[in-house]
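User: I would like to learn how to read contacts, burial and ligand shells in a model. Can we start with contacts?

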Amino acid sequence: MRHAYIAKQRDEHGRKAVAVLPVHYPKELFTALDLLAVEMWGPPGAPVSADAGRVQAYVCAVVRNALAFLASGRADACEAVLFPHTCDSIQGLATLVTDFGGWSKPSFVFQHPRGGPRPSSRAYYLSELGSLADGLAGLAGRPLEPEKLREAVRLHRRIDAARAALLDGRRRLALDDVELYRLLRRGEWLWPEDHLAELEAATARLGPSDVQRGAPVLITGYVPEPGTLFEVLCDAGAFVVADDYAAVGRRVVRPPAALDLADPFHALAELYWAAPPCPTRASDQVGRMRYLAELYRRSGAAGVIVHEQKFCEPELFDVAAVKKTFAGLGAKLLYLEGELETELSGQATTRLEAFVEMIAATARVA
Amino acid sequence: MSRSIGRRIEFEVAGRVVGPALAAFERAKKLARRRGPGRPGKKSSPFGPPLEATRKLKELMTTHYLAGRYADGAVPVAWVTSGFPVEILRPLGYHAVYPENHAALCSVQRVVPELSDAVEKEGYARDLCSYARTDLGSVLTGKTPVGRLPKPDLLCCCTNICQTVLYWYRALAAHFGVPLFVLDTPYVYGQAPGHHRTYVRAQLEELVGIAERVAGKRVEPDELEAVVRVARDGTRLWGECLAQSRARPAPWTGFDGFFHIAPIVTLRGTEACNAYYRMLRDELAHRVARGVGGIRDERHRLLWDNLPVWFDVRGMSTLLAERGFNFVCTSYTNAWAEAGSRIDPADPIGSAVLAYTHIILNQDLPNRLDILRRLSRDYSVDGAVLHSDRSCKPYSIGQIDLKQRLARELDIKVLVLEADHGDPRAYSVEQGEGRLTAFMESFA
Ligand code: SF4
Ligand code: SF4
């Protein structure tokens, strides 16, 4: 399906595809240069080649699977790969697979500023954007036109606005979680205009009053895999009312009311600092906890699910604070850890069902 | 934190009088014990005579930690990562605490499981770096083998060793409610591009402002230059100590080096550090001249990659020494010598940009391979052990490929040994010894 889509994009629109590792990257640059970003969150399941064994078993499944996938040739429909510097493990993967074998096409890195919003970080972010833009322009074989970048920024703002509408209006949305997450995650590889069309069609299903029944939960974590988690949640009588997945909610930017597009690079920097806090972007922990507490209060969630990937340092370092924050709010919390399985384990299913039963009994009325 | 004169006096007395006196007392006690009747049936040691400098090392570190107990309220206190440019803090009178060094000490004393348990109960996963778990556990419980760690006024972390320190220090900042300064050194692929260097430079300038504000004092350029000169000389001296092991037999073991690295990590930029390394270098050179080895019968020379297994250094080194194997070089101890070569007192900030960006862990795998190759050749090793450290992903990712390349290119035997630098629960001594023994047998 994805291969067919990539081929179609190439054949019909002349768009080259670039594989992109998690999590944050300036997608607008790709759009402005007519490059199709295809995100690689693993992929889930067992590694597809023995190359996964080139990294130790104590490295997360996202990196092991990505190494196996890239080295197996299955990403060869892509013309390049981008490694955002999300964590030590992706940083290691970037040099391992490009320098020691597994990926011989062009590769790019995008190194986020990790020192918080201060003048040096802002200046650096702009220069790093410029450097990536130059690299991508070389791949695309055309210069980056400022007007095209402005258009891309506007397009992605519409996407963000639609995503925010769906997430914020969750109770009034006539889609179940399986459908909603499938829709949101198609943005990881669809051409942005195609994704926007789907999102806008979905926003038409936002009604004037609540349609979601069941216990509302706030979910925070890394990536919503396996998708069967939402089936279990739904069957158990709950729905996600607020999302803080790194792959989903933390990438929905609610920008300042008037975004100045005179210099589109500055606009991108503005958006970077306006995004929800995320440990993979080194957001301050106290600020992140404040954000989560506010999300919980605002959403009227009856419970919290923390869903992490094993061995994921950026996420796992915040778990103690997350637990403490929600305990302070009197929120019930379930902690789940996975390794990019394709199915939720029997044990996790039982825990999830029991959790929903418990919170349903005390569910708050929004 | 407000600072008082009384506290300052306590701090100075602890550092200048009590610390050295305590170390002298410990030394005398040990000497008296040694003079007693020898233990019958004790196996003869496979090691060479103990280094005289070790006594001084203990004195230096005891004094450092003792003074630290009284530092908060007396002088500004910074908690810093091992790769942080501490030279900028020294002229402002900061007492620097190195949680990594403290965590290593905790591991040697085997208190990591207890400290880690405390934070695991709070929600920290056992899969996280054991240095971080140990430190956070110590903060949470107040337990430490050094009596007490002073509370920080400023937290300083540099991403040149890993991104883990960033998450760890974010948690510390939330706990202590004090400012965190992150010196972000983008990872180097090949060469650091100009805009990365500009970024690091701008941050160093920001650091000066923040450190001055917290200390309530200004950095004087001549004082900074003097500290940087001392730091540069210290790293050179440390390099000279390590280089003594190019001789056959090596006058000490790589495992000794793991302990003697403490001053260059924690006291870099001080005269005490340099005086210590002068003494150590001279002693090692003297041993080389007399053909005295770190082990009695050096038959095979090995390279060690990654952090040590702190809680089992003694066990491992004995196992190896008994069979004539010595670790004559380690990429870990070498890192502190290598970084210093770029420091330039004439340009403290500009040279710090280069020095602190080009740390082994902040550079790509081809660079790592180059370093391992160079060390292998310079120290004439015939084998290497790559410690696959469960706690340290940045150091360990790539070792499986590195193993193959080293073995193929240098025609040496290479072992990847799974362990952990701090947490004994993540390492089976029996299995580790079994693997090391089989490795040594392959040299027959
Ligand atoms: S799961 Fe965590 S550790 Fe793994 S690649 Fe993603 S951010 Fe990095
Ligand atoms: S041991 Fe490794 S992961 Fe831990 S702090 Fe040191 S460099 Fe970072």
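Analyst: Contact means heavy atoms within 4.5 Å. This is a predicted model. In it, A:Ala52 touches A:Pro47, A:Arg64 and A:Ala68, leaving aside residues up to four places away in sequence.

User: Where in chain A does A:Ala52 lie?

Analyst: A:Ala52 is in the loop between strand E2 (35–39) and helix H3 (61–72) of chain A. From A:His112, 60 residues apart along the chain, A:Ala52 is separated by 26 Å between C-alpha atoms.

User: Is A:Ala52 buried or exposed?

Analyst: Buried means under 20% relative accessible area. A:Ala52 has a relative accessible area of 9%, so A:Ala52 is buried.

User: Which residues surround ligand 1?

Analyst: A residue belongs around a ligand if one of its heavy atoms lies within 4 Å. For ligand 1 the residues are A:Cys60, A:Val62, A:Val63, A:Thr86, A:Cys87, A:Ile90, A:Tyr222, A:Phe311, A:Cys312 and A:Pro314. By class, they divide into 9 nonpolar, 1 polar and no charged. Domain 1 (2–146) and domain 2 (212–365) of chain A each supply at least three residues of this shell. The space that ligand 1 takes is the second largest cavity.

User: How many nonpolar, polar and charged residues are in the shell around ligand 2?

Analyst: The shell around ligand 2 has 9 nonpolar, 3 polar and no charged residues. Among them are B:Cys129, B:Tyr131, B:Trp168, B:Ser391 and B:His421.

User: Which helix gives the most to the shell around ligand 2?

Analyst: Helix H6 (residues 164–176) of chain B does, with 3 residues.

Notes
Residues numbered from 1 in each chain as written. Chains lettered and ligands numbered in written order. Predicted model: local features only at pLDDT ≥ 70, side-chain atom pairs only at ≥ 80, totals over all residues. Heavy atoms only, no water. 1 Å grid on protein atoms, 1.4 Å probe; cavity = no way out; pocket = protein on both sides within 12 Å on 5 of 7 lines; lining within 4 Å. Sits in = over half its atoms within 2 Å of the grid points. Nonpolar A, V, L, I, M, F, W, Y, C, P; charged D, E, K, R; others polar. Domains from an automatic or database assignment. Helix = DSSP H or I, 4+ residues; strand = E, 2+ residues; numbered from the N terminus. Buried < 20%, exposed > 50% of the residue type's maximum accessible area, 1.4 Å probe, protein only.
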